[in-house]
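Student: I'd like to take a close look at one part of this protein. Could you walk me through it?

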Amino acid sequence: MNQKNKLLIHDITQIALLTATIVILAQISIPMPAGVPMTMQTFAIPLAGILLGARKGTIATLVYLLLGAVGLPVFAGFTGGISILFGITGGFLLSFPLMAFLAGKGAEKNSTIRLYAGLTAGAIINYIIGMCWFVYAAGSTFAVAFTACVLPFLPTAVIKILMAGIIGKKLRSAMLRAHVLEAA
């Protein structure tokens with residue numbers, strides 16, 4: 001394995017810190033009538049991608065999902081367990097690595113347009129996979145899934161995309177200047 005593909009101690013530390021950030025922000029949650037809560041996970045996940053880049057941001061997200069899958073109460077509402085991943089919100093959770101990856105790819109290109117394209121694509125994929133899984137897990141229709149899982153979340157999704165882009169870009173720039181991150 002070459003040096004570029006190795007995870008070094010500072011990489012593992014950064015991944016752990018961003019995983020912890022995801023866990024903390026997942027607890028900022030507003031229950032919604034259909035059972036899919038409005039959470040800050042969809043802010044934290046792309047932020048991990050922006051700050052750590054596509055590879056390490058995706059790893060941080062996978063660690064988060066693994067922690068939850070083995071039963072640690074890291075998902076929204078301090079829940080955990082494989083049953084959550086197979087429940088009505090499972091599709092949203094399972095799409096998180098793609099969200100982090102796309103945000104990270106956009107950030108690595110050092111282009112505001114590409115960053116927001118990655119953030120937007122990640123959000124759209126999150127909604128599509130989440131909605132499809134909801135239809136399957138809840139025995140629902142796509143119309144009900146869209147009304148319950150997408151429509152009420154669109155205004156906050158736009159705000160989260162904008163805030164993740166603004167905050168993430170500033171933090172990433174500061175981390176690069178401080179040599180905490182290496183440019184991709």
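Student: In which hand, left or right, does helix 2 cross helix 8?

Tutor: Happy to help, and do keep in mind that this is a predicted model. The crossing of helix 2 and helix 8 is right-handed. Helix 2 covers residues 41–69 and helix 8 covers residues 154–177; their axes lie 9 Å apart, at an angle of about 30 degrees. Angles under 35 degrees count as roughly parallel, so that is how these two helices run relative to each other.

Now for the side chains at this contact. From helix 2 come Thr42, Phe43, Leu47, Ile50, Leu51, Leu52 and Gly53. Across from them, helix 8 brings residues including Lys160, Met163, Ile167, Leu171, Arg172 and Met175. By character, the contact residues split into 10 nonpolar, four polar and three charged.

Both helices also help to cover helix 6, along with helix 4 (90–94), helix 5 (96–108) and helix 7 (142–149), which are likewise among the elements over its buried residues. Helix 6 has 27 residues, 112–138, and reaches 38 Å from its first C-alpha to its last, close to the expected 39 Å. Its buried residues include Leu115, Leu119, Asn126, Tyr127 and Phe134. Ile124 also belongs to helix 6, but at 45% relative accessibility this residue counts as partly exposed. Between Ile124 and Ile167, one of the contact residues in helix 8, the C-alpha separation is 20 Å, with their positions 43 residues apart along the chain. Just after helix 6 comes Gly139, with a positive phi of about 60 degrees.

Methods:
Residues are numbered from 1 along each chain as its sequence is written. This is a predicted model: local features need pLDDT of at least 70, side-chain atom pairs count only at pLDDT 80 or more; totals for chains, interfaces and linings use all residues. Side-chain values use heavy atoms; hydrogens and water are left out. Axes are lines fitted to C-alpha atoms, for helices over the stretch in contact, and angles run from 0 to 180 degrees between N-to-C directions. Helices (H or I, at least four residues) and strands (E, at least two) are DSSP runs, numbered from the N terminus. Angles under 35 degrees count as roughly parallel, over 145 as roughly antiparallel, 65 to 115 as roughly perpendicular and the rest as oblique. A crossing is left-handed if the near helix is turned anticlockwise from the far one by less than a right angle, and right-handed if clockwise. Contact means heavy atoms within 4.5 Å. Ala, Val, Leu, Ile, Met, Phe, Trp, Tyr, Cys and Pro count as nonpolar, Asp, Glu, Lys and Arg as charged, and the others, Gly among them, as polar. The expected span of a helix is 1.5 Å times one less than its number of residues. Buried means under 20% relative accessible area, exposed over 50%, partly exposed in between (1.4 Å probe, protein chains only).
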